[in-house]
Amino acid sequence: MGHPLSSPEHAHHALLYMWRIRKFEEAVEDLFGRGMMHGTMHLSIGQEASPTGMCMAMTLQDQITSTHRGHGHCIAKGADLTRMIAELLGKKIGYCGGRGGSMHIADVETGNLGANGVVGGGIPIAAGAALASKMMKRGTVAVSFFGDGAMNEGAFHEAANMAAIWKLPMILFCENNKYGMSSSTEKAFAIDNLADRGKGYGIPGINVDGNDVVAVYEVAQVAVDRAKAGEGPTLIIAETYRWKGHSRSDKNLYRTKEEIEEWRTKDPIPKFIARVLEEGVLTQEQCDLIQNDAIEAIKAAVNEAVKAEPAEPSGLLDAVFKAVSA
Amino acid sequence: MSDRMLTMAEAVREAMSIAFDERPEVFLLGEDVGIYGGAFGVSGDMYHRYGAERVLDTPIAELGIVGAAVGAALSGMRPIVEIQFSDFTAQAMDQIANQAAKIHFMLGGALHVPMVLRTPQGSGTGAAAQHSQNLEPWFASVPGLKVVVPSNPADAKGLLLAAIDDPNPVIFLEHKLLYKIPGRDPVPEGATRIPLGVSKVVREGKDLTIVATGIMVNKSWEVAEKLAAEGIGVTLIDPRTISPLDMQPVFESVEKTGRLMVVQEGPAHAGFINEVIAQMAGSSTFGSLIAPIKRLAGMNIPIPYAPQLEKAAVPQIDDIEAAAREIVKNWR
């Protein structure tokens, strides 16, 4: 798409999508709170700048794989909000017809190969998508979003190595939100800087402030250009923080209130608003309107999804396999 | 030529080559499939004929290999993965069971995974417990995977072509002792497919129905030949694909013979062949049985190393013969 500060349209997009993610997650939390959603939820509040910045460096045809905390990636890549909410509500019009829920939304139209319930599960899949792009000379990049926890999975290691030796058009995008459930990066890694892992695979390892959508976009664009030029993958470590617990059951016993409060002051949305006002790309009034648009869009999506027909058990057996064409 | 005899390795290579020629999106990836020609020589000269990109040597990274195949399959390619020994699929199980098998269903049908995972399995090579297992029940118990267990070169060729065409993930389990021996039947030229999910009645006889998988089809054939000379008729059924499973020929046969024996190489406990027994027990054909169902399967032990121990661990021709004679003699 382009640099978030390059035009009012781009700034509008960046701010709108960060608000959409924030408001989507808040709506999900609210629906859970009111007992209207079942299962569990993994919210990405506080992390909105990373997917937004990364996806602004991508085209619609470029592909992503996502994680259990994947609503933000899905929205940033352009998914339909109503179908997302509908999926979480177990509705027929949901992305997966109610068969997948929060952790399994994919959207072929926007190159989203799917969220994933298994930590690290999407990383080799993105490598394979990048391999296909290279073999078919498609010119697209595949970005795998994952968290710091996934970097200790074998899947990360195997995929990073394959992407590196074959110079695949891939980006390994780590949202380092500091905790794999309750395990801090300090406990789970013997290195201080996760980007150092890039050296082990012979690829660049880049650190970026994951709460700064402009900074994320800038490193993302360099990585996309490198991938599309056939120079191979990049490991991006976006430093961010999840404000909410890992999932519904989290009592935040492993971190302090002070730590959470400190990170709340690094909120990516006001940070970007301050920047666009300073640069004169948008006015305060425009920023307020964008926030309002996001709120209205989520409200409309929730209203439509709530009214939609529930998914039916009939036909489940026929959904396991794709029919073999004659 | 209608009398062309191939080994299973040759037949599998021929099927892959036909698919390579038919579709540019088909490619093979795995450990040592390239210039080495595959650990069991199955890819053979394909590297020289199709090049390093389509016959892709990978690092030793089974999880990554299968994951890359899943991603490529989601993106328009038709990968054939070779895992060097089926035992090593344990390394790749997340991508097989949690990703490939579930993507179509779980993601609402918008995506599918046209991938074939070929892997040699079975005992008899003195390779011991981590290179000799029969793991078909692992895969057959995961909805979303199709599972093929070919017993001969002609079937292997036709089934593999159908598996490559299939829009779903297919696990293709090749018994390594069958790789180097020619089958009983010639392998047809050309690209004839054998549809997945159709059991084959290998031979017909009036006294006993044997359902066997993989190499046990060959062993049971030997027994059937011997018994036929004495006037004991065996109907031998090879399911060929165990997921989906076609039981119809089994029901029809048991209605005539009244006796059923099931044979597999893998351990008896929770083995695939028990599914055949369960479906028989729950069917209206159950009343046609005049004898208890006989199950012959591997011992519930890891495959041991020494040849005499290894042989003792899985059914041999003599075991099948003894069991067949007993059931026919004792139940009239």
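**Entry 1: the two domains of chain B**

I began with the domains of chain B, and I found 24 residues of domain 1 of chain B in contact with 23 residues of domain 2 of chain B. Two residues are in contact if their C-beta atoms, placed from the backbone, lie within 7 Å. I noted that the model is a predicted one, in which local features need pLDDT of at least 70 and side-chain atom pairs count only at pLDDT 80 or more, while totals for chains, interfaces and linings use all residues. I also noted that residues are numbered from 1 along each chain as its sequence is written, and that chains are lettered from A and ligands numbered from 1 in the order in which they are written.

On the side of domain 1 of chain B that touches domain 2 of chain B, I listed the elements that give two or more residues: α6 (136–140), β5 (146–148) and α7 (153–165) of chain B. Helices (H or I, at least four residues) and strands (E, at least two) are DSSP runs, numbered from the N terminus. By class, I counted twelve nonpolar, nine polar and three charged residues on that side of domain 1 of chain B. Here Ala, Val, Leu, Ile, Met, Phe, Trp, Tyr, Cys and Pro count as nonpolar, Asp, Glu, Lys and Arg as charged, and the others, Gly among them, as polar.

I then looked up the bounds, which for chain B are 8–178 for domain 1 and 200–330 for domain 2. Such bounds come from an automatic or database domain assignment. The centres of domain 1 and domain 2 of chain B, taken over C-alpha atoms, are 27 Å apart.

**Entry 2: where chain B touches chain A**

How many residues of chain B are in contact with chain A? I found 35 residues of chain B in contact with 36 residues of chain A. On the chain B side, α3 (62–74), α4 (93–100) and α5 (103–106) each give two or more residues. The most come from α3(B), with nine residues. I recorded 17 nonpolar, 15 polar and three charged residues on this side of chain B.

I looked further at α4(B), where Asp94(B), Gln95(B), Ile96(B), Gln99(B) and Ala100(B) are buried. A residue is buried if 20 or more other C-beta atoms lie within 10 Å of its own, exposed if 12 or fewer, and partly exposed in between. The buried residues of α4(B) pack against α5 (122–135) of chain A, and also against α3, α5 and β4 (116–121) of chain B.

**Entry 3: chain A as a whole**

I counted twelve helices and seven strands in chain A. Of its 326 residues, 55% count as buried. The C-alpha atoms of chain A fill a box of roughly 60 × 50 × 45 Å, taken along the principal axes.

**Entry 4: backbone exceptions**

Most residues other than glycine have a negative phi, and most peptide bonds are trans. I therefore looked for departures from this general pattern.

Met181(A) has a positive phi, near 55 degrees, and is found in the loop between β4 (179–180) and β5 (183–184) of chain A. Is Met181(A) buried or partly exposed? Met181(A) counts as partly exposed because it has 14 C-beta neighbours inside 10 Å.

Arg240(B) also has a positive phi, near 65 degrees, and lies in the loop between β9 (234–238) and β10 of chain B. Arg240(B) is buried, as 27 other C-beta atoms lie within 10 Å.

Finally, I found a cis peptide bond between Ser243(B) and Pro244(B), with omega about -5 degrees. Pro244(B) is in the loop between β10 (241–243) and α9 (248–257) of chain B.
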